[in-house]
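Let's take a walk through a protein together, one stop at a time. Keep the 3D view open as you read, and turn it whenever a new residue comes up.

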Amino acid sequence: MPGRGTKAVHGDAPQGDPRDGPITEPIVRASTFRFASTASLIEASQGSTGFYTRYGHPNFDVVEAKFAALHGAEGAVLFASGMGALAGVFQAFLRAGDRVVLQRDIYGGTRALLAELQERWGVDVTWVATGDLDALAAALPGARLFMAESPTNPLLKVIDLAATSERCREAGVLFVLDATFDGPLGCTPLAFGVDLVVESATKSLGGHSDLLGGLVAGAAGPCDELRRARKLYGAVPDPETAWLLDRGMRTLPARIARQNATALDLARRLDADPRADAVRHPALASHPQGALIQRQAASCDGHGGGSLIAFRCAAGSAAAIRFCDRLRLVAHAPSLGGVESLVSLPLLTSHAPFSAEERAQAGITDDLVRLSIGQEDADDLWADIDAALR
Ligand SMILES: *Cc1c(COP(=O)(O)O)cnc(C)c1O
């Protein structure tokens, strides 16, 4: 069975491709396809790829097959952004009057989108505390969909995927997981019974901060539903963007291995430094869910850990702002998972729409800093971090 590194390069043909031809897939810059006969047009119109680009496209197929192979899924569907993918899931599976159970630690865009669906489209939302299986079991009966995220932003909490899947299966509720922070080399949630895994391909899959994309992987039936929603609502990317995303995915194993190793190295240095408090990284011995993280990452050839670090500036919230302003090599920017290291203040980014009380409940203090570690050398990054802390 080929490993995930091989699949990241070769997609669903991990034994190689015996045909003559270019080593990369050509970019097919076409919005439509031509047909020699009405009969072949009618036949193509029943399928997805090769009729009209919003229905499906050869460059989308490459990325979708690769993402599906990495996740061990029957299929995958590419969208124009992570939000496009999440919206596609809700468009495909929800109707007015349905109820969604939503994990409390969730991406701000997901939260805002569900608030919109609640207010304007008559979808009910029940919130549950992250990882609270009893509250989840109580909330699930009668719901259509459970939406969760793991690891969470920015505190990198992890949920027990097998136990959560079991609760969802018992209640007949679709379990959708946003696994952007792990990526397919960090964890394969479908192996633990998750129904659909969603990732913002804008982050580590693309990896170069130069494109937007979103992917959903799962069984063939739900993928057909997602493709139907994508065709209707139109959240398709450009063929060139799909090609660039595939290019990024080819180097995913090398990028992830280096970024994760550097992040762990820097997390250890911060952990030993009195100027940083409450340092969080999934592979740090002090992470309270170490055993669960190990178990879930074990499905992934040891690629787990991630390239994100969260910590509190011991000198307080004003110092956290000064820290971001003083960093030179690390750019102050939202987003994560790219080759450039980035810093952000959750207070001003992901958790800006939250009230002070909600932030306190979520453990998002004003002195909290999030680092996304890129490809730079650890010593150079540490020199920058050390100078900024000083
Ligand atoms: C960035 C992100 C999204 C949204 O993705 P876009 O590509 O920006 O639309 C969704 N979920 C998580 C966890 C993210 O980090």
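Our starting point is the ligand, which sits in the second largest pocket. Keep in mind along the way that this is a predicted model.

Who are the ligand's neighbours? There are 13 residues around the ligand. Those that come nearest are G82, M83, D178, T202 and K203. Sorted by class, the shell around the ligand is made of six polar, four nonpolar and three charged residues.

Now zoom in on three of these neighbours, D178, T202 and K203, and look at their side chains. Start with D178: an N or O atom in its side chain lies 2.6 Å from a nitrogen atom of the ligand. Next comes T202, with a polar side-chain atom 2.6 Å from an oxygen atom of the ligand. For K203, a polar side-chain atom is found 2.8 Å from an oxygen atom of the ligand. Each of these pairs is a polar contact, because such a contact is a pair of N or O atoms within 3.5 Å. How much of the ligand does the protein cover? On its own, the ligand has 380 Å² of accessible area, and the protein covers 91% of it.

Let's leave the ligand and travel to a loop. This one runs between β4, residues 145–149, and α7, residues 161–171. P151 is found here, and a cis peptide bond joins S150 to P151, with omega at about -5 degrees. Follow the chain to P154, which has its place in the loop between β4 and α7 as well. Here a cis peptide bond joins N153 and P154, and omega is again about -5 degrees.

Stay in the loop between β4 and α7 a moment longer, for L156 lies there too. Its phi is near 55 degrees, a positive value in a residue other than glycine. Is L156 buried or exposed? With a relative accessible area of 2%, L156 is buried, because buried means under 20%.

Our last stop is S335, in the loop between β10 (331–332) and β11 (342–344). Here, too, phi is positive in a residue other than glycine, with a value near 90 degrees. What about its surroundings? S335 has a relative accessibility of 26%, so this residue counts as partly exposed. If you like, go back to L156, which is buried, and then look at S335, which is partly exposed.

Methods. Residues numbered from 1 in each chain as written. Predicted model: local features only at pLDDT ≥ 70, side-chain atom pairs only at ≥ 80, totals over all residues. Heavy atoms only, no water. Near = heavy atom within 4 Å. Polar contact = N/O pair within 3.5 Å; in protein donor to acceptor, adjacent residues only side chain to side chain. Areas by Shrake-Rupley, 256 points an atom, 1.4 Å probe, with all protein chains shown as cover. 1 Å grid on protein atoms, 1.4 Å probe; cavity = no way out; pocket = protein on both sides within 12 Å on 5 of 7 lines; lining within 4 Å. Sits in = over half its atoms within 2 Å of the grid points. Nonpolar A, V, L, I, M, F, W, Y, C, P; charged D, E, K, R; others polar. Helix = DSSP H or I, 4+ residues; strand = E, 2+ residues; numbered from the N terminus. Buried < 20%, exposed > 50% of the residue type's maximum accessible area, 1.4 Å probe, protein only.
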